[in-house]
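Biologist: Please take me through the enclosed space and the cysteines of this model, giving the reasoning behind each term.

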Amino acid sequence: MPATKNKKKKNLVIVESPHKAKTIEKYLGSNYHVIASKGHIRDLPKSQMGVNIDKDYEPKYISIRGKGETIKELKKEAKKSKYVYLASDPDREGEAIAWHVAHALDLDPKENNRVAFNEITKDAVKNAFKHPRSIDMDIVDAQQARRVLDRLVGYSLSPILWAKVKKGLSAGRVQSVALKLVIDREKEIKNFKPEEYWTIDADFTKSRKKFTGSFYGLNGKKTDLPNNDAVKEVLSKIDKKQDFEVTKVVKKERRRNPAAPFTTSTMQQEANKRLGYRTRRTMRIAQSLYEGVNLGKGSVGLITYMRTDSKRIANVARHEASKFIHEKYGESYASMKPQNFKNDAEAQDAHEAIRPTSAFRTPESIKEYLTPEEYRLYNLIWSRFVASQMTPAVYDTVRADIEQNGVTFRTNGSKMKFAGFTKVYDNEKEKNKELPDLQEGDKVKLSKTDDRQHFTQPPARYTEASLVHALEANGVGRPSTYAPTIDTIQRRYYVKLEGRSIVPTELGEIVDQLIEKFFPDIVNVDFTAQLEDDLDNVEEGQKNWVKVVDEYYKPFSQELKKADEQIEKVQIKDEPAGFNCDICGAPMVIKMGRYGKFYACSRFPDCRNTKPIVKKVGVKCPKCGKGEIIEKKSKKNRKFYGCSRYPECDFVSWDQPIGRNCPNDGHYLVQKKTKKGLVVLCPNGDYREDQDEN
């Protein structure tokens, strides 16, 4: 009897998510049962530090609250199974989860029970089970080092912020660097001094064909135009009645190569720019594409693992992409030699780049099975990958210098000769600019000049996309940390979103100032980047994790003592609001809350009257003429404008009214932001004023 029972025993596979479990069980067949740990099952306790500093930073792990039933089920299923496989995600967190599950189930971590796959497809999963390995303790130790350090820093800094600034505040290691980057950029913007410069554009004709050029220089040398006097001097040398001569023509063929397939960072950046997705949303959608989508005949993983900093592509995927491109677009579009995209210096290269699990699974062919947001992100990933395996785009370019009396104008033309990869994906859309056939010695007529004043612009505020890029460029954080880092500084209200721009709050500036003064290493970009390298060395078995933590924590603990003694309590003073409470008559004040500033009665808690602060733009409502136009925020944090008399007056506009009416149809005019700056226009589309013309 026991022997018969044994035959019926199944192999147990433990993954992280229930959704993934269904997909993998289908691939493995009836001899396997797949269940989910639903993420981590053990962690450091929330109620205490949970790290024994005197005992080699030994972490005190406990079962996560609410995970009791999951652990119970894991133990029950493990007990009746033939063998247990740990198939959590193929990264540091996944390795640590496998180790914690092994501990909870009394499994030997040295046993070959760990399987990892980069994509959830039948072949990848089955192949992974042919080559199980033991849990890699170097990878686990790298995760432990990060977790312990983050706990030591976070739980040491937070009490100081509570005591010295405001209850409920907290600070973290990577988040503090991200906040500093945002605040440093804001300082650059505030300290920026615009410099004046001018341009002269001109319209020319050759044989009735019009083309444009821009002032280049005098007497063959490039010349700047710092002011209007310089412009007048140039224009005084020109005789509009006389011909200009084409003095130099340079014709070239230019090739533009495709971009590399996505890494986590570049995917987050492009999804933010092209689709308007926040980093957290992008990762959530990518997770569902990786774990599997039901395509009618069961679930299949559509993309490879989405936390990676590698641009490497597996040979099998490259060959399949080449076959697809040959069949769909023809031989001339398929890259003859493999595209080798160089990884960044800090890249770990543990996984491939993010790519579709099959190039033949086109976005259109599976659109009906995807949600709109899944389709849009999958389309982006698929297109970027396929394009990366295609031939360059080829352009014919022309540059011509046009002269009269020592004044040189320059014109540039470009015409696509061969679309190459741009047939599928173009990350730098170029328009054709065709010129008439210009030869050296040709005479052309000047029909019009247009001189304009400009001012240099300050650096742009960070968006989520550009902040991810800055973190990566500075070597701060890793693919798995970008989204949670940006999410955390927003949740703590150290920064806020204005449209897509990340703006520091007063609270964020206070916290940053305090950390920078007393804990300079925490916000030192180079120091944090070095630590990331040290954690990578732990993962590669080249450094001991306890030593890495010790090297970082010892100087930090000295700073802690000094800070506790020297930091004086920061008073976030209430500002007078300038009017009285409409309930009790006491003066109203401006208070700083978790979500920004608001009006409150100075007699709080005896009087709990509060009001939101509204920002007036100084314009009367164009609809009712009585109310004031005020700035508001939508549920998605997008700025819009409405009447202060709402709901009596329902006026609303995405663009700011300016208090003037259109000279053509009498409609109110609005101020709109464009890539070239602010413009004033009529929403009906029959009037426009560029800022430079005012």
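**Cavity and cysteines**

Modeller: The model is a predicted one. In the lining of the largest cavity, the largest share, 3 residues, comes from H7.

Biologist: What makes an empty space a cavity of this structure, and how many are there of 30 Å³ or more?

Modeller: A cavity is a space where a 1.4 Å probe fits but cannot get out. The structure holds 1 cavity of 30 Å³ or more, and the volume of the largest cavity is about 40 Å³. Its lining includes Gln175, Ser176, Arg492 and Tyr494. Helix H7 (173–191) and helix H15 (506–518) are the elements that give two or more residues to this lining.

Biologist: Which classes of residue form the lining of the largest cavity?

Modeller: The lining has 6 nonpolar, 3 polar and 1 charged residues.

Biologist: How do you know that Cys607 is in no disulfide?

Modeller: A search of the whole structure finds 0 disulfides. The nearest cysteine sulfur to that of Cys607 belongs to Cys601 and is 3.7 Å away; a disulfide requires sulfur atoms within 2.5 Å, so the pair does not qualify.

Biologist: What is found for Cys621?

Modeller: Cys621 is likewise in no disulfide, as the nearest cysteine sulfur, that of Cys649, is 3.7 Å away.

Biologist: Why is Cys607 called buried, and why does Cys621 count as buried?

Modeller: Buried means under 20% relative accessible area. Cys607 has 7%, and is therefore buried. Cys621 has 3% relative accessibility, so Cys621 also counts as buried.

Methods:
Residues are numbered from 1 along each chain as its sequence is written. This is a predicted model: local features need pLDDT of at least 70, side-chain atom pairs count only at pLDDT 80 or more; totals for chains, interfaces and linings use all residues. Side-chain values use heavy atoms; hydrogens and water are left out. On a 1 Å grid over the protein atoms alone, a cavity is a set of points where a 1.4 Å probe fits but cannot get out, and a pocket is an open set with protein on both sides within 12 Å along at least five of seven lines; lining residues have an atom within 4 Å of a point. Grid points are joined across faces, edges and corners, and a volume is the space filled by probe spheres set on the points. Helices (H or I, at least four residues) and strands (E, at least two) are DSSP runs, numbered from the N terminus. Ala, Val, Leu, Ile, Met, Phe, Trp, Tyr, Cys and Pro count as nonpolar, Asp, Glu, Lys and Arg as charged, and the others, Gly among them, as polar. Buried means under 20% relative accessible area, exposed over 50%, partly exposed in between (1.4 Å probe, protein chains only).
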